[in-house]
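Hi,

Here is the structure I promised to pass on. Please open it alongside this note; my findings follow below.

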Amino acid sequence: LSLDDRSSWRQMAGFGLLLGVVFWVRYDAIFLIAADAAVTVGMGGPRTRSRILGRAARMGVACAAAFLVALPWLLYNWFEFGSIVPISGRAESLAADFGGNLSRIPVLLAQQLLAIWEISTPGERSPLLGWLGALVVLLGVVFYARAWRSASGPERRLMVLVALFGALLCGNYGLLFSAPYALKRYLFPLSPFLALGTCAGICHLLQDPGPRTRFAAVVFGGVLVGHLTLSNWNASRRGESDPHWEKVAWIQEHVSPDEWVGSLQSGVVGFFHDRTLNLDGKVNPQALQARRQGRIPGYVLRSDIEWLVDWPLILSLVTHPAIAEEFELKLRRRRLVVARRREAPS
């Protein structure tokens with residue numbers, strides 16, 4: 001939690017060092033730092049001009065310390081990839097439609113508020129679940145508004161901190177990013193705050209429950225237990241392996257360690273197959289530049305790639321006329337597509 005008027009310069013510097021370490025973990029911690037700065041300056045004590053300026057100066061020390069801790073990574077990004085923003089973030093925002101992920105955010109926040117409600121990635125696109133998620137979020141907002149009345153000063157500061165952090169996080173990934181299937185992990189930093197807030201609210205309601213509260217608790221608990229039971233039954237019935245491992249298993253069985261593999265989703269594949277070339281630009285600056293210029297097919301053809309292996313999302317590349325002339329489609333499954341470079345005529 002952010003500090004206040006009673007915090008010494010030394011404490012603020014130490015706090016900034018911790019914020020810098022958080023930035024190492026995830027670069028979107030910049031939103032947490034910004035939210036914390038706003039709470040510290042605006043709510044860390046009396047709102048007189050002199051006291052606000054004093055807190056701003058102390059928070060400046062914390063931000064400077066955080067910057068010094070983050071500086072090696074920022075310099076590495078700049079000298080290696082030409083930007084302080086990590087290359088993965090630039091690749092994810094490259095193909096984004098403004099506001100394209102906003103419709104999925106309510107159901108994801110609802111999952112975090114309810115703590116144990118889990119739905120599949122395809123289910124996140126359901127309009128019905130979207131409206132249900134929005135209803136859960138609205139109920140959460142109503143509860144927090146009621147809790148605000150009896151909250152202490154530190155509790156109110158925490159509530160504002162979480163609200164600001166959540167708004168910045170959801171705004172960034174809802175408006176400016178692609179890869180909607182990854183939203184769950186983008187918004188994951190909010191989950192501890194939201195889940196703990198829900199647990200605190202339940203404990204508060206059950207301190208002196210009336211008949212309606214007890215009835216609502218029984219119904220709510222029954223719905224959640226039913227949902228969990230159905231979800232786990234469906235998961236065990238499907239018995240499907242992770243699609244990443246399906247790619248790895250196929251490559252290990254059919255591709256020589258000396259042959260190069262091209263893949264858009266290359267993280268797991270590249271861990272188990274050294275000669276893997278990333279094609280979506282998340283860890284490959286040359287591929288990112290080629291994507292920016294619309295030259296990925298040419299980049300692939302000039303490379304040493306012998307195999308294109310990925311989920312069906314790679315079909316748009318495999319069926320490109322220039323690629324189709326050079327590569328032959330070898331396998332097309334529901335979760336796996338494979339193409340191999342044609343042998344040169346003798």
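Helix α2 crosses helix α7 in a right-handed sense. This is a predicted model, so please read everything here as computed. Helix α2 covers residues 29-43 and α7 covers residues 153-175. The two pack at an angle of about 145°. Their axes lie 9 Å apart.

Which residues make the contact? From α2 come F31, L32, A34, A35, D36, A38, V39 and M43. From α7 come R156, R157, V160, L161, L164, F165, L168, L169 and N172. Sorted by class, the contact of α2 with α7 holds 13 nonpolar residues, one polar residue and three charged residues.

Next, the sheet. It is open and has five strands. Their order is β2-β1-β3-β5-β4, and the pairing is mixed. The edge strands are β2 (276-278) and β4 (327-332). Each of these pairs on one side only. On average, neighbouring strands of the sheet are turned by 25° against each other, with direction ignored.

Now look at the β4 end. Strand β4 pairs with β5 (residues 337-341) in the antiparallel sense, over five bridges. L329 has A339 in β5 as its bridge partner.

One helix to check against the sheet is α11 (residues 243-254), which packs on it. Helix α11 touches β1 (260-263), β3 (305-310), β4 and β5. The direction of α11 makes about 150° with that of β3.

Best wishes

Note on methods:
Residues numbered from 1 in each chain as written. Predicted model: local features only at pLDDT ≥ 70, side-chain atom pairs only at ≥ 80, totals over all residues. Heavy atoms only, no water. Axes fitted to C-alpha atoms, helices over the stretch in contact; angles between N-to-C directions. Helix = DSSP H or I, 4+ residues; strand = E, 2+ residues; numbered from the N terminus. Left-handed = near helix turned anticlockwise from the far one by under 90°. Contact = heavy atoms within 4.5 Å. Nonpolar A, V, L, I, M, F, W, Y, C, P; charged D, E, K, R; others polar. Pairing = 2+ DSSP bridges.
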